[in-house]
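Welcome, and thank you for opening the viewer. Could you take me on a tour of this structure, stop by stop, telling me what to select and what I will find there?

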There are 2 protein chains.
Amino acid sequence: MPQGETTVTPDDGLTTRQRRNRPVVAIHYGAGKGKSTAAFGLALRGWNQGWSIGVFQFVKSAKWKIGEQEALMALGEVHERTGRGGPVEWHKMGSGWSWSRKGGTEADHAADALEGWREIQRRLAAETHRMYVLDEFTYPIKWGWVDGEEVARTLAERRGNQHVIITGRDPHPALLEVADIATEMTKVKHPFDTGQKGQRGIEW
Amino acid sequence: MPQGETTVTPDDGLTTRQRRNRPVVAIHYGAGKGKSTAAFGLALRGWNQGWSIGVFQFVKSAKWKIGEQEALMALGEVHERTGRGGPVEWHKMGSGWSWSRKGGTEADHAADALEGWREIQRRLAAETHRMYVLDEFTYPIKWGWVDGEEVARTLAERRGNQHVIITGRDPHPALLEVADIATEMTKVKHPFDTGQKGQRGIEW
């Protein structure tokens with residue numbers, strides 16, 4: 001079967017053009033590597049389409065992904081300077097969502113995560129971005145900080161043409177239900193298993 | 001276990017610093033999405049480290065990944081203009097490796113693939129890049145155009161600190177053997193299954 005061909009023609013009353021412009025929810029989960037890196041790879045495609053990209057990081061410290069952030073922000077600057085590609089925003093929880101309080105202790109993280117989700121809800125309602133990367137967003141749901149059913153409902157009811165990519169282990173079943181694309185990354189072999197340390201450029 | 005911690009301390013006589021700078025072969029395989037996108041996500045990290053990135057695409061047409069190419073080349077231009085990040089090269093098989101013949105028919109692809117691999121061997125020997133993305137490289141091996149055992153041997157014997165990321169389905173067993181990181185991307189849910197068309201910004 002040629003690349004990109006479908007095996008089924010759906011009886012949904014949509015034209016091919018409409019079907020080619022349908023907003024997607026994608027979930028990258030599992031114990032393997034590549035969940036977030038693949039999400040940021042999708043952001044490259046979106047950037048090249050001229051889309052507004054919004055990245056929202058829900059877990060702290062070792063998982064900051066400085067490399068991807070620097071690179072995507074550099075692409076956002078290319079857009080500002082030359083008009084190529086699209087604008088990029090990058091927001092981090094805890095060390096301070098830029099629209100929320102700065103600092104805060106471990107005990108504030110649940111409130112920060114919920115406020116982050118509320119902001120994403122506002123942006124989805126306003127159709128602020130064309131592509132959202134909700135990085136490690138499965139965890140605040142898993143920990144009960146954000147309601148998974150509510151997230152799924154918001155995603156299912158979002159308007160316009162907004163793509164949403166969610167990464168992290170153990171996604172809430174309602175997220176998998178609402179997802180158009182679900183990919184499980186399975187760890188087959190990993191250097192941490194044999195005692196290798198995480199390293200620059202590979203792990204972050 | 002904190003992020004990035006190991007469960008084993010290896011008896012390999014290396015210091016932590018040495019273990020943090022060990023060259024890696026990573027394979028992204030399986031029927032799921034995200035194999036190549038995760039590889040390009042790693043390239044973002046490498047770029048931010050100031051590394052020379054070489055991308056080599058082994059399969060044509062629908063798989064060109066224009067979005068990633070435009071974005072990574074834009075990052076290469078940021079490097080040239082400002083010194084931030086690292087340089088980026090992007091080479092495609094068939095439509096003409098830039099060091100090989102242009103054009104060519106279907107029958108030339110095997111020779112093109114082999115010549116592409118020979119060029120990669122030369123670059124590995126010369127330590128030209130710090131990170132290589134060999135995109136869809138499992139296929140010319142699977143099709144017998146390039147010898148998988150030879151590839152594994154070349155990778156095992158490469159010098160210096162060169163990371164190599166290989167993507168594609170059905171990797172040769174010798175590649176999995178030589179890999180430090182192997183991740184299988186499993187398709188759990190995909191819109192093509194329900195007749196949705198591939199779309200800009202998501203599929204390419």
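Which residue is the bridge partner of Y29(B) in β6(B)? Select Y29(B) and look across to β6(B): the partner is E184(B). Keep in mind along the way that this is a predicted model.

**Stop 1: the strand around Y29(B)**

Stay in chain B and select β1(B), residues 25-29. This strand is mostly covered, with 5 of its 5 residues buried. Colour V25(B), I27(B) and Y29(B) in one shade, as they point one way from the strand. Give A26(B) and H28(B) another shade, since these two point the other way. Both groups are buried.

Now add the neighbours of β1(B). Strand β6(B) runs parallel to β1(B), and 4 bridges join the two. Strand β5(B), residues 163-167, is also joined to β1(B) by 4 bridges and is parallel to it. To find this pairing, select V25(B), which stands opposite V164(B) in β5(B). One step further, β5(B) is joined to β4(B) by 4 bridges, again in parallel. Here V133(B) has I165(B) of β5(B) as its bridge partner.

**Stop 2: the whole of chain A**

Switch to chain A and show it as a cartoon. You can look for 7 helices and 6 strands. Followed from the N terminus, the elements read α-β-α-β-α-β-α-β-α-α-β-α-β. Chain A has 204 residues, and 56% of them are buried. Turn on a surface and about 8,500 Å² of chain A is exposed, 47% of it supplied by carbon and sulfur atoms. Among contacts in chain A with a separation of 6 or more, 73% are between residues 24 or more positions apart.

**Stop 3: where the two chains share a sheet**

Select β1(A), residues 25-29, and β6(A), residues 181-189. They pair in the parallel sense over 4 bridges, and I27(A) has A182(A) of β6(A) as its bridge partner. Next, add β6(B), residues 181-189: this strand runs antiparallel to β6(A), and 7 bridges join them. One residue to pick out is T186(A), whose bridge partner in β6(B) is E184(B).

Zoom out to see the open sheet of 12 strands, with mixed pairing. Its order is β3(A)-β2(A)-β4(A)-β5(A)-β1(A)-β6(A)-β6(B)-β1(B)-β5(B)-β4(B)-β2(B)-β3(B). At the edges are β3(A) and β3(B), residues 88-92 in each chain, and each pairs on one side only. From one strand to the next, the twist averages 15°.

Now bring in a helix. α4(A) packs on the sheet and touches β2, β3, β4 and β5 of chain A, with its direction at about 165° to that of β4(A). In chain B, select helix α3(B), residues 66-82, which lies across β2 and β3 of that chain and runs at about 150° to β3(B).

**Stop 4: a residue at the end of β6(A)**

Select K189(A), which is in strand β6 of chain A. At 28% relative accessibility, K189(A) counts as partly exposed. K189(A) touches several residues of chain B, including L176(B), D180(B) and A182(B). Try a distance, too: the C-alpha atoms of K189(A) and K33(A) are 9.9 Å apart, while 156 residues separate them along the chain.

**Stop 5: two crossing helices and a core**

How are α2(A) and α2(B) oriented to each other? Select residues 35-48 in both chains: the helices pack at an angle of about 90°, with axes 7 Å apart. They are therefore roughly perpendicular to each other. Residues making this contact include F40(A), G41(A) and L44(A) from α2(A), and F40(B), G41(B) and L44(B) from α2(B).

Keep L44(B) selected and display what it touches: among them are F40(A), L44(A), A71(A), L72(A) and L75(B). In soluble globular proteins, nonpolar side chains tend to be buried together. The largest nonpolar core here has 44 residues, and L44(A), L72(A), L75(A), L44(B), L72(B) and L75(B) touch the most other members.

**Last stop: a loop in each chain**

Finish with E127(A), in the loop between α4 and β4 of chain A. Its phi is positive, about 50°, although E127(A) is not a glycine. With 39% relative accessibility, E127(A) counts as partly exposed. Then select E127(B), in the loop between α4 and β4 of chain B. The phi of E127(B) is near 50°, and E127(B) is partly exposed, with a relative accessible area of 39%.

How values were computed:
Residues numbered from 1 in each chain as written. Chains lettered and ligands numbered in written order. Predicted model: local features only at pLDDT ≥ 70, side-chain atom pairs only at ≥ 80, totals over all residues. Heavy atoms only, no water. Buried < 20%, exposed > 50% of the residue type's maximum accessible area, 1.4 Å probe, protein only. Contact = heavy atoms within 4.5 Å. Areas by Shrake-Rupley, 256 points an atom, 1.4 Å probe, with all protein chains shown as cover. Pairing = 2+ DSSP bridges. Core = buried A, V, L, I, M, F, W, Y, C linked by side-chain atoms within 4.5 Å. Axes fitted to C-alpha atoms, helices over the stretch in contact; angles between N-to-C directions. Parallel < 35°, antiparallel > 145°, perpendicular 65-115°, else oblique. Lists of a residue's contacts leave out its neighbours within four places in sequence.
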